[in-house]
Amino acid sequence: ALPVEVLHARDRGCADLISLCEYVYGIAMTAPAALSQERELPLATHAGLAALALAHTLLLNSALRSDLPLPVLSTLKNGALVANVVVGVCLLGRRYTGRQLIALLLVTAGLVTSALAGARPRASP
């Protein structure tokens, strides 16, 4: 089992602490290089993206405290790809090829299928 799964099995409310550690580590590792470069986006855009990422994390952590099985929650957590594409198009002006958008639809369909399959109650043997 993954360490997160082990921690989650012992304490369903540990996700906030794990997320805090991930954010602190990420900031510590990337801040020196990021601060030494000239920004291409305004600071307000960076702050907005950080706020959205934090809101996404907090919503996922509240979902982790629910009764959904951990594999379903892990699958849902990996659904951030759609959000990245939306932010890329709306805020950053990126353009994606038809092939990339088809891949996005296929990945999304797989995530939804996996989540629905994991959420169904299983028959007892």
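Guide: Before we begin, a contact in this discussion means heavy atoms within 4.5 Å. The model is a predicted one, in which local features need pLDDT of at least 70 and side-chain atom pairs count only at pLDDT 80 or more, while totals for chains, interfaces and linings use all residues. Residues are numbered from 1 along each chain as its sequence is written, and side-chain values use heavy atoms, with hydrogens and water left out.

Visitor: Which residues does Leu101 touch, not counting residues up to four places away in sequence?

Guide: Leu101 touches Val85 and Tyr96. The C-alpha atoms of Leu101 and Val85 are separated by 8.9 Å, although the two residues are 16 apart along the chain. Leu101 has its place in helix 6 (residues 98-119), where helices (H or I, at least four residues) and strands (E, at least two) are DSSP runs, numbered from the N terminus.

Visitor: Is Leu101 buried or partly exposed?

Guide: Buried means under 20% relative accessible area, exposed over 50%, and partly exposed in between (1.4 Å probe, protein chains only). Leu101 counts as partly exposed because its relative accessibility is 36%. Ser19, which is found in helix 2, is buried because its relative accessible area is 6%, and Ser19 touches Thr57 and Asn61 when residues up to four places away in sequence are not counted.

Visitor: How many helices and strands does the chain have?

Guide: The chain has 6 helices and 0 strands, and 14% of its 125 residues count as buried.

Visitor: Where does helix 2 bend?

Guide: The bend at a residue is the angle between axes fitted to the seven residues ending there and the seven starting there. Helix 2 bends by about 45 degrees at Thr30, and a proline, Pro32, follows within four residues. The buried residues of helix 2 are Ala15, Ile18 and Ser19.

Visitor: Which residues form a nonpolar patch on the surface?

Guide: Patches are made of residues with over 30% relative accessible area and no salt bridge (a side-chain nitrogen of Lys or Arg within 4 Å of a carboxyl oxygen of Asp or Glu); like charges are joined within 9 Å, and nonpolar side chains (Val, Leu, Ile, Met, Phe, Trp, Tyr) within 5 Å. Here Tyr23, Ile27, Leu54 and Leu58 form the patch, with about 370 Å² of accessible area together, as given by the Shrake-Rupley method with a 1.4 Å probe, where for residues only the protein chains shown count as cover. Helix 2 (15-36) and helix 3 (43-64) are the elements that give two or more residues to this patch.
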